[in-house]
Amino acid sequence: MYAIEKNGDHLLVRFKQNFNALLIQSIIHHLTRLNEYPHTNDIWLIGDFRSDIRLGELEAMVKEFNCHCPHDATRTKTAIVATQGLTQAILELWVKAIKKRVAFDICIFETLEDACEWMDIEYTMVA
């Protein structure tokens, strides 16, 4: 599962287990329905959890994200923190496709500290 927390001036999606495409789609649906989402940056803290996402599922994940993201949003960044190599590679493909369809920047990081620095927030706020 996962938890979505309001953490200072950003949202934190904290993964609690390994995940698949259906869980990512559930997170997208839940996160983008929050009132603060259109105006609040977010961090997806995946860490060492592994993905069970097949390459064929990536396009559906991209469409899900694109359909649910508000096009008039003022948010500017989403950071994804993933440390497991294969999971990181799959998410890189997803992010590359998303970047072409959303109005904000999205990047993958290996450490939460690097993600916080990129988002210009204090690291201690999300630990």
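In the predicted model examined here, the buried residues of helix α2 pack against helix α1 (21-32), strand β4 and helix α3. Helix α2 spans residues 58-68, and its buried positions include L58, M61, V62 and F65. These residues lie on the same side of α2, because the arc that they cover around the axis is only 100 degrees. Such an arrangement follows a general rule, since an α-helix has 3.6 residues a turn, so residues three or four places apart point the same way. One of these buried residues, F65, touches I28, Y37, W44, W94, I98, V102 and F104 when residues up to four places away in sequence are not counted.

F65 also belongs to the largest nonpolar core, which holds 31 residues, and those that touch the most other members are F15, I24, W44, I53, F65, I80 and W94. Two or more residues are given to this core by each of β2 (10-15), α1, β4, α2, β6, α3 and β7, and the element that gives the most is α1, with 6 residues. Apart from this core lies another, made up of 12 residues, among them I43, A115, C116 and M119.

The aromatic side chains were then considered as pairs of rings. A pair of aromatic rings is described by the distance of the centres and the angle of the planes. The count comes to 6 aromatic pairs in the model. F15 and F19 form an edge-to-face pair, with 5.0 Å centre to centre and 65 degrees between the planes, and both F15 and F19 are buried. F15 also pairs with W44, in a tilted arrangement with 6.1 Å centre to centre and 35 degrees between the planes. This second pair links distant parts of the chain, as F15 is in strand β2 and W44 is in strand β4, 29 residues apart. F15 counts as buried because its relative accessible area is 4%, and W44 likewise counts as buried because its relative accessibility is 1%, the cut-off being under 20%. One aromatic cluster is formed by F15, F19, W44, F65, W94 and F104.

The strands that carry F15 and W44 are themselves joined, in that β2 and β4 pair in the parallel sense over 5 bridges, and H10 has N41 in β4 as its bridge partner. Strand β2 is largely enclosed by the rest of the structure, because 5 of its 6 residues are buried. Strand β1 (residues 2-7) runs antiparallel to β2 and is joined to it by 6 bridges, with L11 in β2 as the bridge partner of K6. The two strands β1 and β2 form a hairpin with 2 residues between them, and G8 in the turn has a positive phi of about 65 degrees.

Beyond β2, strand β4 (residues 41-47) also pairs with β6, in the parallel sense and over 5 bridges, where D42 stands opposite T78. Strand β6 (residues 77-82) is mostly covered, with 5 of its 6 residues buried. Strand β6 in turn pairs with β7 (residues 105-109), again in the parallel sense and over 5 bridges, and T78 stands opposite I106 in β7. Between β6 and β7 the chain crosses through helix α3 (residues 85-99), and this β-α-β crossover is right-handed.

Technical notes
Residues numbered from 1 in each chain as written. Predicted model: local features only at pLDDT ≥ 70, side-chain atom pairs only at ≥ 80, totals over all residues. Heavy atoms only, no water. Buried < 20%, exposed > 50% of the residue type's maximum accessible area, 1.4 Å probe, protein only. Helix = DSSP H or I, 4+ residues; strand = E, 2+ residues; numbered from the N terminus. Pairing = 2+ DSSP bridges. Right-handed = clockwise from strand over helix to strand, strands pointing away. Arc of directions from axis to C-beta. Contact = heavy atoms within 4.5 Å. Core = buried A, V, L, I, M, F, W, Y, C linked by side-chain atoms within 4.5 Å. Phe/Tyr/Trp six-rings, centres within 6.5 Å; stacked < 30°, edge-to-face > 60°.
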